[in-house]
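Here is a friendly tour of one protein model, with a few stops chosen for a closer look. Keep the structure open as you read.

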Amino acid sequence: MNIRNRIKGISGLFRKKKVALVLGGGSARGMAHIGVLKVFQKEDIKFDLVVGTSIGAFIGAYYALGKDITGAEEIALNFNVNENLDILIPPTMGIIKGNRIYSIIKSMLDDKSFSDAKIPFAIVATDIENGEEVVFTEGPLSDAVRVSCSYPGIFVPHRIGGRLLVDGGIVNTVPVSVARRMGADIIVAVDVGFCVQAGELKNIFAIILQTYQIMGNELNRYQAQQADIVLRPDLAGIDQLAFAKAKMAIESGERIAIEKLPEIKRKLGIR
């Protein structure tokens, strides 16, 4: 080995490892992310990169801006889903226009851009016209969050840069692979999963919904297992629409974060 390569190898041993936090999708179940982040902020656990999909993009953006996560908790505990759904009759490319939710997103994120983030941040969306993954790292945060949260067929999709974009969870619901591509050495992922219900299914709608839950759950497990540490809150009985159970979800997020703290600190070299 020549001198240059030897020096490069030695310097690599002392390079600070890049630590990423990945927040998965899951709609109301994603309120658990708030509980996880409450513990991380209290314990002063630092990350060099945050990547989020869907609700993970929303809460991740709030966190990456350097905000106290208890502010998001207060909004979640007082959120009324029925008051914030602008139903389209007849439906066009979705049954919910999404402007009311978009207003909440802009308000919570102070209409900031990626460049305002205190922690480098990435958001995952899906191009519904060709199935490609789209990763945002620049531009207005609220626009990227909006499309990343727009589940196809429910929320109206929107075009950004000529692409018709929807929920990032369609292609990458726990985007560990994105964090790896962005240079992360150690990845902590939060997988809030789907709500597969055990029991008799009595109609076609229940069968379709259950099918998506099973498919999503398996995709989550496959994508999340690529992380170094995976946090899976116990969200039994909390489905994707159970926003009224935000307190339960947040508390579950806190419990799993506290349980995993010793492993996280050991992995990150924190005493």
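## Two helices side by side

When two helices are compared, an angle over 145 degrees between their N-to-C directions counts as roughly antiparallel. Keep in mind that this is a predicted model. Here, helix 4 (residues 70–77) packs against helix 9 (residues 246–268) at an angle of about 150 degrees, so the two helices are roughly antiparallel to each other. Their axes are 9 Å apart.

Which residues make the contact? On the helix 4 side you will find Glu73, Ala76 and Leu77, and they meet Ala246, Lys247 and Ile250 of helix 9. Sorted by class, this contact has four nonpolar residues, two charged ones and no polar ones.

## A salt bridge from helix 9

Side chains of opposite charge can pair when their charged atoms come close. The whole structure holds 14 salt bridges. One of them joins the side chains of Lys265 and Glu43, at 2.9 Å from N to O. Lys265 sits in helix 9, while Glu43 belongs to the loop between helix 2 (32–42) and strand 2 (49–53), so this pair ties together parts that lie 222 residues apart in sequence.

## The second largest pocket

Next, some empty space: the second largest pocket holds about 210 Å³. Its lining is made up of Lys16, Lys17, Val19, Lys46, Asp48, Ile186, Lys267, Leu268 and Ile270. By class, that lining has five charged residues and four nonpolar ones, with no polar residues.

## A loop residue and its partners

Our last stop is Ala117, in the loop between helix 5 (99–108) and strand 4 (121–127). What does Ala117 touch, leaving aside residues up to four places away in sequence? Its contacts are Ala64 and Leu65. The C-alpha atoms of Ala117 and Leu65 are separated by 4.3 Å, although these residues are 52 residues apart along the chain.

Methods:
Residues are numbered from 1 along each chain as its sequence is written. This is a predicted model: local features need pLDDT of at least 70, side-chain atom pairs count only at pLDDT 80 or more; totals for chains, interfaces and linings use all residues. Side-chain values use heavy atoms; hydrogens and water are left out. Axes are lines fitted to C-alpha atoms, for helices over the stretch in contact, and angles run from 0 to 180 degrees between N-to-C directions. Helices (H or I, at least four residues) and strands (E, at least two) are DSSP runs, numbered from the N terminus. Angles under 35 degrees count as roughly parallel, over 145 as roughly antiparallel, 65 to 115 as roughly perpendicular and the rest as oblique. Contact means heavy atoms within 4.5 Å. Ala, Val, Leu, Ile, Met, Phe, Trp, Tyr, Cys and Pro count as nonpolar, Asp, Glu, Lys and Arg as charged, and the others, Gly among them, as polar. On a 1 Å grid over the protein atoms alone, a cavity is a set of points where a 1.4 Å probe fits but cannot get out, and a pocket is an open set with protein on both sides within 12 Å along at least five of seven lines; lining residues have an atom within 4 Å of a point. Grid points are joined across faces, edges and corners, and a volume is the space filled by probe spheres set on the points. A salt bridge is a side-chain nitrogen of Lys or Arg within 4 Å of a carboxyl oxygen of Asp or Glu.
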